[in-house]
Amino acid sequence: MSELRQNIITREWVVIAKERAQRPHLLARRGVPPAPLPQYQPDCPFCTGNEHLTVKESFRLNGDAGWKVRVVLNKYPALSPEGDRVRHIDGIYRSMTGVGIHEVVIEHPRHDLSPALYSDAEMADVIDVYRRRYADLKKDPRIEAIIIFKNHGEGAGTSLVHPHSQIAAMPIVPTQIRNRLEEAIRFFDEMGECVFCQTLRQELIARLRIVHETAHFVAFMPYAALSPFHLWIFPRRHSSSFDEIFDHELEDFAANVRTVLAKLYHGLNNPDYNYSIRSIPAHDGHRDYSHWYLAIIPRISRTAGFEIGSGMYINPTLPEESAEFLRGVHVP
Ligand SMILES: [Zn+2]
Ligand SMILES: [Zn+2]
């Protein structure tokens, strides 16, 4: 029989399809590996030397040999930086001007790398730039929520191979964030504790789904993982906004993320994935009920009519088995 599990953070149910569970190693990407990429590609807008191909630069982290990380405005932005936030109401319909900031973080000057192959210091540079941009974008009074995310690979929604991620500063709080927040408040009202802290404590006692631990962060698979190798990385210290991270925690976070991405890379043959930093709305500050974290979703299984029709996911893997598999992947 399959099993339904509830994600206590979102209250969503997931079908864990135990009877047709696939063994973790069988989910590795198959086929002939693509030809190695060049370090520099003449027509790539993100390669070092091609800076003129990008639109306005908003930040640059420099090293001894030129830039290490650059942030530029997205050439095809979902939101535009000019203008005011104006709402329109037409009967039951609501609309709003599409103001906001949509940036691309060019993570590395080299074309052929991906986070799994960075050094921990290079990953820390990327996270440091996320934090700086987050803190800066938050000052814009039009901004309600800041989403930091990465699409790695075509199956995750990107065709540009040069390592990059994105930041979207939005004029509204998206429903998904609001729903999570409301659930977290409800849990706090009832239990008097942060649901994320309690989840982490239970995971650290059970030790069934832990993937990687560092001094300040824990990577684990959610009990109700919605898809194969769905991962969360939680700060051990209760903290609701990503930009509250301290310097020494930032380095530890980068090392943790880098190791987990390298485990996916080596264990599953470089799968496509998305990651996203989930943080409290921009102006909410520190709250006892909300806890920021990173979610990583490898794009291994496809969603179909069942998911569209029910909003529920079918996970054809056991989170405990997948976690055990990843724990065993040696990272060079
Ligand atoms: Zn490039
Ligand atoms: Zn907490």
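A polar contact is a pair of N or O atoms within 3.5 Å; within protein, one must be able to donate a hydrogen and the other to accept it, and residues adjacent in sequence count only if both atoms are side-chain atoms. The model is predicted: local features need pLDDT of at least 70, side-chain atom pairs count only at pLDDT 80 or more, and totals for chains, interfaces and linings use all residues. Residues are numbered from 1 along each chain as its sequence is written, chains are lettered from A and ligands numbered from 1 in the order in which they are written, and side-chain values use heavy atoms, with hydrogens and water left out.

**View 1. Thr 317 in the loop between β15 (313-315) and α6 (319-327).** Helices (H or I, at least four residues) and strands (E, at least two) are DSSP runs, numbered from the N terminus. The side chain of Thr 317 makes a polar contact with that of Asn 315, at 2.6 Å. Thr 317 counts as buried because its relative accessibility is 1%. Buried means under 20% relative accessible area, exposed over 50%, and partly exposed in between (1.4 Å probe, protein chains only). Beyond four places in sequence, Thr 317 is in contact with Ile 16, Gln 22, Leu 27, Pro 228 and Ser 322. Contact means heavy atoms within 4.5 Å.

**View 2. The zinc ion (ligand 1) and its donors Cys 44 (SG), Cys 47 (SG), His 111 (ND1) and His 162 (ND1).** Coordination distances run from 2.0 to 2.3 Å. Donors are N, O and S atoms within 2.8 Å of the metal (3.2 Å for Na, K and Ca); water is not among the atoms, so sites may look incomplete. The four donor atoms subtend angles of 104 to 116°, so the arrangement is tetrahedral. Four donors count as tetrahedral if all angles lie between 85 and 135 degrees. The donor residues are spaced C-x2-C-x63-H-x50-H in sequence. Cys 44 is buried, at 3% relative accessible area. Cys 47 is buried too, at 0%.

**View 3. The zinc ion (ligand 2) and its donors Cys 194 (SG), Cys 197 (SG), His 238 (ND1) and His 291 (ND1).** These donors lie 2.1 to 2.3 Å from the ion. Angles of 107 to 114° make this arrangement tetrahedral. Along the chain the spacing is C-x2-C-x40-H-x52-H. Both Cys 194 and Cys 197 are buried.

**View 4. Helix α3 (residues 195-206) and what covers it.** The 12 residues of α3 should span 16 Å at 1.5 Å a residue, and the end C-alpha atoms are 16 Å apart, which agrees. The expected span is 1.5 Å times one less than the number of residues. Val 195, Phe 196, Cys 197, Thr 199, Leu 200 and Glu 203 of α3 are buried. Their cover includes α2 (175-191), β10 (210-213), β11 (217-220), β12 (231-235) and β14 (293-298). Arg 207 follows α3, with a positive phi near 55°.

**View 5. Lys 263 in helix α4 (residues 247-268).** At 6% relative accessibility, Lys 263 is buried. Its side chain reaches the backbone oxygen of Val 329 at 3.0 Å. Residues up to four places away aside, Lys 263 touches Val 211, Leu 268, Leu 326, Arg 327, Val 329 and Val 331.

**View 6. Asn 151 in strand β8 (residues 145-152).** Asn 151 is buried, with a relative accessible area of 16%. A 2.8 Å polar contact joins the side chains of Asn 151 and Asn 274.

Notes:
Tetrahedral: all angles 85-135°; square planar, octahedral: opposite > 155°, others 65-115°.
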